[in-house]
2 protein chains.
Amino acid sequence: MKQTSSAHRHSSDKLLFLTDEQLRSAIELLFFAYRDFTGDPDRILAERGYGRAHHRAIHFIKHRPDITVAGLIEMLGVTKQSLNRVLRQLIDDGLVVQKVGETDRRQRLLSLSEEGATLEVQLSQPQRDRLRQAYTSAGPEAVAGFREVLHKIMNDGTRAMVADKPGRK
Amino acid sequence: MKQTSSAHRHSSDKLLFLTDEQLRSAIELLFFAYRDFTGDPDRILAERGYGRAHHRAIHFIKHRPDITVAGLIEMLGVTKQSLNRVLRQLIDDGLVVQKVGETDRRQRLLSLSEEGATLEVQLSQPQRDRLRQAYTSAGPEAVAGFREVLHKIMNDGTRAMVADKPGRK
DNA sequence: GCTTTAAGTCAGTCTTGTTGACTTACCACT
DNA sequence: AGTGGTAAGTCAACAAGACTGACTTAAAGC
């Protein structure tokens, strides 16, 4: 039981040899890519005394305006107390604004102020540039594969959280 | 300047429309996939009082036996003090063993003990299972695209760190 | 009216990262 | 043989960001 390699027959009738070696390199690929991918915004955040947690909150508030606090907690997968710390700062600093829920007045609907939206663009700019460069150089088929595998890596419950317009299989 | 979308002509002569929407969903894809991907080992680690930092150290020591401390620091991208804390525990707990360098006796060459290797397998097992499932269901072309895009997302300097056997383009 | 829920807070803990300063042992070069 | 640089290790202090647990306030749902 030295070489635990396994062969699978794919629906498209091609043989897939998934060696431990290949699986391991994927683990590293994800580690390094994710680290570099988050590195650029991390530097911008540090200048303003924020951290990655602020970025994540800003990202989801930007793209799901009027999200509730509970909704944001679920997206991020953190506790109320953990989110509250960064949210408190963002609200106090005027980057995030709260609005009382119309149907449920207990809810606080979150959205970005103009200043918050400006920061969001600054933060996501290097990530978009990085993706654009990678996507362009890799080509559409590679991009489709990239997205499909990422989709299949995540938990079934998580999958529904990705706002994913293009009709994926 | 509302819709900052951009079109690029790929070398393979196909048009790629990279909308902000598409780029944004990739950001979320990476976030969610990475989170779920690391979730399983995180649970196992927590039982033993370890964290993700221990897992990373164990991973690289396993797959690059006789790596030096400086080498490991470079791979992980952390400071000596930060690594030392987790390394100290792993050595004290008998999971990692040190060996004085042959050519340079200042170096401490790191490798896993049997017990360390056992833990490594336990930790990487759920990740390998997850990848195997995703790879198998997505198919070889998707896997190739996945790997290619991840490669191109990371920094040029980082790329050399991935032990990547299969002859990638 | 009573219970549940959404949000917010206070307090304490833990992991993991950082700086900065310093020691010990060893290598390399003059 | 001596000197300077390097590899490893340590101490101390600090910060971000996660956690648990307990508790309050206000509003919703019955």
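This note goes through chain A, its contact with chain B, and one residue of chain A, in a predicted model.

1. Fold elements of chain A. Seven helices would be easy to lose track of without an order, so here it is: chain A has 7 helices and 4 strands, and from the N terminus on they run β-β-α-α-α-α-β-β-α-α-α. The chain thus opens with two strands and ends with three helices.

2. Burial and surface of chain A. Of the 169 residues in chain A, 50% are buried. The accessible surface of chain A is about 8,600 Å². Carbon and sulfur atoms hold 51% of that surface.

3. Contacts along chain A. Among the contacts in chain A with a separation of 6 or more, 46% join residues 24 or more positions apart.

4. Extent of the interface. The size of an interface is often given as the accessible area lost when the parts come together. For chain B and chain A this area is about 7,000 Å², and 69% of it lies on carbon and sulfur atoms. The contact draws 65 residues from chain B and 65 residues from chain A.

5. Polar and charged pairs across the interface. How many salt bridges does the rule find between chain B and chain A? There are 2. In a salt bridge between Glu28(A) and Arg64(B), the closest N and O atoms are 2.7 Å apart. The rule also finds 22 residue pairs in polar contact across the interface of chain B and chain A, with both residues at pLDDT 80 or more.

6. The chain B side of the interface. Elements of chain B that each supply at least two residues to the side touching chain A include two strands, S1 (6-9) and S2 (15-18). The helices that do so are H1 (20-47), H2 (52-63), H3 (69-76), H5 (114-138) and H6 (140-153) of chain B. Which element gives the largest share? That is H1(B), with 18 residues. By class, the side of chain B that touches chain A has 30 nonpolar, 17 polar and 18 charged residues.

7. Asp40(A). This residue is placed in helix H1 of chain A, which covers residues 20-47. Is Asp40(A) buried or exposed? Asp40(A) counts as buried because its relative accessibility is 19%, and the cut-off for buried is under 20%. Leaving aside neighbours within four places in sequence, Asp40(A) is in contact with Pro126(A) and Arg130(A).

Methods
Residues numbered from 1 in each chain as written. Chains lettered and ligands numbered in written order. Predicted model: local features only at pLDDT ≥ 70, side-chain atom pairs only at ≥ 80, totals over all residues. Heavy atoms only, no water. Buried < 20%, exposed > 50% of the residue type's maximum accessible area, 1.4 Å probe, protein only. Contact = heavy atoms within 4.5 Å. Areas by Shrake-Rupley, 256 points an atom, 1.4 Å probe, with all protein chains shown as cover. Buried area = accessible area lost by both parts, 1.4 Å probe. Salt bridge = Lys/Arg side-chain N within 4 Å of Asp/Glu carboxyl O. Polar contact = N/O pair within 3.5 Å; in protein donor to acceptor, adjacent residues only side chain to side chain. Nonpolar A, V, L, I, M, F, W, Y, C, P; charged D, E, K, R; others polar.
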